[in-house]
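User: I'm new to this one. Can you walk me through it?

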Amino acid sequence: MASSDISVSTPSRFALRRAISVVAFAFLVLFALLEAVPFVLTVANSFKCLPAVQDYPQSFIPVPPFGVECRTESGASRPAEETAGPLTFNPALEGYERVAEFNLPTWFRNSIIYAVAITVLRVMFDSLAGYALARIKFPGNRLVFFIILGTMMIPGVVLLIPRFIILKQLGMLGTYQGVIFSLAADAFGVFLMKQFFESIPEEIEEAAMVDGANRLTMFFRIVLPMATPALTALTIFSFQGTWNNYMDVLIIVGGQADLWNLPLGLAQLRGQFGQTLEWNIFLAGSVITTLPLAILFFVFQRYFVEGISYTGLKG
Amino acid sequence: MASVTYKNVNKSFGDVHVIHDLNIEIADGEFLVFVGPSGCGKSTSLRMLAGLEEVTSGEIWIGERMVNNVAPKDRDVAMVFQSYALYPHMTVYDNMAFGLKLRRTPKNIIDERVREAARSLGIEQLLDRKPRQLSGGQRQRVAVGRAIVREPAVFLLDEPLSNLDAKLRVEARAFISSLHQRLETTFIYVTHDQVEAMTMGTRICVLNAGYLQQIDTPFNLYHNPRNVFVAGFIGSPSMNFFDAELKEQDGSLVVETKEFRFVIPENLAEPYKQHLGKKVVLGIRPEDIHDSQFLPSNITPAQIEATVDIIEQMGNEVILYLDANDTSFIARVDPRTRARVGADMPLVVNVDNLHLFDSETELSLAYEYKQELIARERGE
């Protein structure tokens with residue numbers, strides 16, 4: 001009896017498991033597609049003529065001829081049917097050509113200035129502060145850490161007005177340094193670095209001290225190189241956060257268009273056209289905004305994922 | 001090269017007093033081993049010397065210099081850590097060269113010293129590798145190499161062999177001993193392993209609970225332990241202890257436990273006479289209890305009998321776990337023994353090597369007397 005039970009139940013259980021995994025995969029594929037669709041449509045629509053953007057259903061497969069003109073010789077828009085089919089479209093560069101007429105290079109340059117400067121400063125300040133909190137014993141060490149940690153609990157919006165007032169009193173509103181200095185260190189980064197430094201075995205630092213290193217030499221030549229995974233994470237977070245930062249930059253540089261970064265510029269693109277938002281221009285701007293970040297992530301993700309191994313330690 | 005001196009050194013971590021009045025003089029070129037159970041303060045003593053822990057009170061001298069307030073980098077010591085503490089992001093070469101680079105040693109000299117050290121350690125072919133690509137034994141050698149190239153006045157080794165397997169450990173032990181002979185520098189070595197201590201040290205410093213128990217040569221430590229702790233700590237299997245009383249019988253001094261009674265040989269009785277009638281702790285090493293059929297020569301025998309509980313075959317010897325009157329003890333006997341579990345067995349104790357301790361102070365009753373005796377016998 002028992003043996004026949006097993007022989008009957010085994011195939012059915014196998015089939016059940018198979019069915020579950022099929023359903024699970026179907027779910028995953030579905031959600032992956034849901035996540036991917038906005039990106040695909042953003043890129044596809046940025047290469048369409050305006051009437052084709054507003055055509056439904058949305059086409060997303062580019063087919064030749066490439067680089068079609070969006071307007072007839074008389075200057076009128078070509079209707080959607082001429083540049084797009086039900087699933088396919090003929091890519092056009094109108095969105096990119098038109099967006100280039102705006103102050104894009106300035107915004108791009110400002111975005112880079114903010115992102116690079118803030119990232120560099122954060123990596124420096126956060127790692128130094130994190131190290132001090134992790135390793136140097138001074139009175140109030142824990143208190144300082146809890147205060148820093150506490151600032152993470154405060155919603156960022158709450159800090160906007162105090163920051164605005166302070167920068168106004170310092171005369172730094174509407175300046176590069178106003179944006180850069182007010183964002184040059186962050187609680188999260190200090191926390192991240194402190195936790196990482198604490199995971200580095202103290203014996204390695206002691207070995208360096210006996211070998212002849214003072215605190216700074218040890219920090220820069222031993223500790224920091226070992227903290228590459230945390231530094232990479234911090235670099236990515238800072239760069240991405242600053243690159244996409246809309247609110248702080250808006251508050252600090254406000255109406256000074258020559259200090260805008262890409263997100264502020266994008267908002268400008270949208271605002272200018274109001275109801276008749278020219279989607280292909282706006283989406284072309286979005287692609288240009290997103291691209292550097294995507295590249296950065298793909299370049300660094302290997303370091304990001306790969307942790308340093310401490311096999312230099314135990315035998 | 002330098003001597004090292006601890007003068008009344010105390011160390012506390014907060015309220016916890018971990019080292020009590022440590023006084024040690026270590027001669028130039030000596031190989032001193034700190035040994036003791038976990039938490040006895042041996043690593044802390046070493047770390048204070050390296051400058052990694054502050055001294056709470058007292059003085060530490062390296063050569064002619066008091067180093068209490070000298071930074072680790074300026075003490076001219078090199079240290080090998082238990083975890084090796086190699087720099088994981090540097091190659092073996094850079095690991096070894098790091099200390100010299102910091103001292104701005106000229107490049108050609110660095111290269112020369114690193115390569116020479118690597119050659120002497122047999123790790124020349126590993127110079128371009130990272131620590132993670134090395135085996136435990138290789139890492140250990142790199143850690144030693146990193147210390148050697150510095151040519152320090154004092155070498156500090158903090159349990160450097162405890163992460164190696166048994167076979168490598170034996171090799172590494174011999175290697176470190178030969179290194180000491182070759183370099184003729186002061187070595188200070190921390191271990192919890194009494195075998196390492198006995199085989200490597202020219203002198204051994206036994207610590208327990210932050211107190212110095214005894215500092216002496218391996219021979220004296222084994223043959224004349226100053227107190228019950230040292231007697232039990234040095235030697236494997238450990239010494240057997242019995243509660244006993246010193247009595248007089250027919251003009252001879254006897255030590256009587258509830259199981260046995262031994263007459264103390266006349267030539268050894270002198271220091272014990274003043275303690276007649278006192279409660280004492282009797283210590284007998286397992287190797288001084290023999291199978292009565294396989295007796296070594298030159299011993300003063302005393303017959304006893306016990307039941308065999310467990311037999312451990314070691315090949316070159318046999319360890320017997322015995323029982324007499326509900327008291328357990330251990331004997332290390334000749335491998336040819338015909339002992340059987342559960343059987344009563346006649347045994348012989350060599351009463352020349354009895355150890356008697358005061359049952360209150362736990363101090364040896366014959367320490368000074370035996371020190372003189374040993375010195376005389378060894379012609380010192």
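Analyst: One term to start: a salt bridge is a side-chain nitrogen of Lys or Arg within 4 Å of a carboxyl oxygen of Asp or Glu. Asp211(A) forms one with Arg150(B), where the closest N and O atoms are 3.2 Å apart. The model is predicted: local features need pLDDT of at least 70, side-chain atom pairs count only at pLDDT 80 or more, and totals for chains, interfaces and linings use all residues. Residues are numbered from 1 along each chain as its sequence is written, chains are lettered from A and ligands numbered from 1 in the order in which they are written, and side-chain values use heavy atoms, with hydrogens and water left out.

User: How many salt bridges cross the interface of chain B and chain A?

Analyst: The rule finds 2.

User: And which parts of chain B touch chain A?

Analyst: Helix H1 (42-50), strand E6 (77-80), helix H2 (92-102) and helix H4 (136-148) of chain B each supply at least two residues. H2(B) gives the largest share, 5 residues. Helices (H or I, at least four residues) and strands (E, at least two) are DSSP runs, numbered from the N terminus.

User: How many residues does each chain bring to the contact?

Analyst: Chain B brings 31 and chain A brings 23. Contact means heavy atoms within 4.5 Å.

User: New topic. How many helices and strands does chain B have?

Analyst: Chain B has 10 helices and 20 strands. Its C-alpha atoms fill a box of roughly 80 × 45 × 45 Å, taken along the principal axes.
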